[in-house]
Structures are given as C-alpha cells and as structure tokens.
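Colleague: Please take a close look with me at a single part of this model, namely the pairing of its charged side chains, and explain it slowly enough for a first-year student.

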Amino acid sequence: MRKTLITLLFLGLSITISGQTKKRTLEALVGYSENGHSLMTNLHFYPNEKVNRFFEIGGFASFMEERNSGFNIPIEVYTLNVGYFTEISYLSSTDRSFLIAVGVGGVIGNETIDLSGIQLSERQFIETDDGIVYGGYGALRVDIAITRHFSIIGRYTHFYHANSDIGKTKFMLGLGLAIKF
C-alpha cells in the first residue's frame, strides 16, 4: 500500500510539473503531530499568476504514539493530499514577501498500528482495521520570502479521517522551506 501511495504521489507531481508553464512552488516541512512527528511535501501550482489562488498536491507522513490507553502504541499515517488555497491579500504584503493563505482539500492514505512490541494481558486487546483512510483537511500557511526563489514556510494543517479507528482528527504544526520555479 505504501509503495502504491508513493508511486501515485510522484506520478501526480510529474504530471503537474510537465503540464504547467506558470509559477510553481515545491515545499518540504517537518513538524509536530499529536504525540509524535511528521513530514510533509507539497507542490503548488498557480493556474493564473495574477489571481492569488493555487492548487496543491502533496504527501504527508506522521509517526505518532497513542498514549491514552496506558500503552505507547506506535501509529503511522501516510496520505496523499489534494487541495485548493487562496491567499488572504489584506493580511499579506503587496510585494509578496509575506503571504498568508488558507486552504481545504481531500485526503486518502494508509493508517497502521505496530503491535509487535506491545505486551497486553489476557483480557486486553486492541481491535482495529489497519488500512485505507480518507477524509479532508484545512490548512493555514505563512510564506516569508528569503530570496526571489526561496521562502520559509510555517503551516498548521488539521486532518479529518472519516473512517479512522485510531482517531478521526489529527494535526501537523510544521516549519520548512519552499523553492519557487
């Protein structure tokens, strides 16, 4: 399943890159997730540079621990995200050196629990269906230009996985770099 998601992500990125002649941004972020850490990479493309809206396709990986049960249960989430963002012009600078954008999108991916290192008593058990998760996300993104082609990115993304056995909502608070090309 992971190989399929990674293949779909790179296929989507290559189609997007080859089909666009307008401005694009590639960003990579590391961040904090609920009781763990996460990684995110996204490709943005602007269908019209004069309109401050863009599409996003990206991947998200989160490595968390469920601690509410009394056990530290490792959880891994890998998703493919597709979304639409709009820049908030009255909060952004006119020279585009400081941008704030909000967006929404859809999510599909894989969620797994690693039970190999957990010792449960005879009367305790964990019941879950590892597998595909789907849902949506909302995000707030801050872009601070360093140079004409590089930016520092701050981002908060809140995910909703409609069919998750572990928890319906997850989040990422991340910091990273973006390359404009």
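Modeller: Let us begin with the whole chain, whose accessible surface comes to about 10,100 Å², with 61% of that area belonging to carbon and sulfur atoms; such areas come from the Shrake-Rupley method with a 1.4 Å probe, and for residues only the protein chains shown count as cover. Please keep in mind that this is a predicted model, in which local features need pLDDT of at least 70 and side-chain atom pairs count only at pLDDT 80 or more, while totals for chains, interfaces and linings use all residues. Residues are numbered from 1 along each chain as its sequence is written, and side-chain values use heavy atoms, with hydrogens and water left out.

The chain has 1 helix and 8 strands, and, read from the N terminus, the order of these elements is α-β-β-β-β-β-β-β-β; helices (H or I, at least four residues) and strands (E, at least two) are DSSP runs, numbered from the N terminus. Of the 181 residues, 39% are buried, where buried means under 20% relative accessible area (1.4 Å probe, protein chains only). If we take the contacts (heavy atoms within 4.5 Å) with a separation of 6 or more, 58% of them join residues that are 24 or more positions apart.

Now to the charged side chains. Side chains of opposite charge can pair when their charged atoms come close. The count here is 7 salt bridges, each being a side-chain nitrogen of Lys or Arg within 4 Å of a carboxyl oxygen of Asp or Glu.

One of these salt bridges joins Glu56 and Arg155, with 2.7 Å between the closest N and O atoms. This pair links distant parts of the chain, since Glu56 belongs to strand β3 (residues 53-66) and Arg155 to strand β7 (residues 150-161), 99 residues apart. Both ends of the pair are out of the way of the probe: Glu56 counts as buried because its relative accessibility is 2%, and Arg155 counts as buried because its relative accessibility is 4%.

In another salt bridge the side chains of Lys170 and Glu111 meet, at 3.2 Å from N to O. Lys170 lies in strand β8 (residues 169-180) and Glu111 in strand β5 (residues 98-113), so this pair ties together parts that are 59 residues apart in sequence. Here too the partners are buried, with a relative accessibility of 4% for Lys170 and of 3% for Glu111.

Beside this pair we find Ser164, in the loop between β7 and β8, a residue that is buried because its relative accessible area is 6%. Leaving aside residues up to four places away in sequence, Ser164 touches Glu111, Val133 and Lys170, and thus both partners of the salt bridge just described are among its contacts.

A further salt bridge is formed by the side chains of Arg141 and Asp143, at 3.6 Å from N to O, and both Arg141 and Asp143 are buried. This last pair does not stand alone, for Glu27, Glu56, Arg141, Asp143, Arg155 and Lys180 are linked in a network of salt bridges. When you follow that network in the picture, you will meet Glu56 and Arg155 again, the pair that links strand β3 with strand β7.

How values were computed. Buried < 20%, exposed > 50% of the residue type's maximum accessible area, 1.4 Å probe, protein only.
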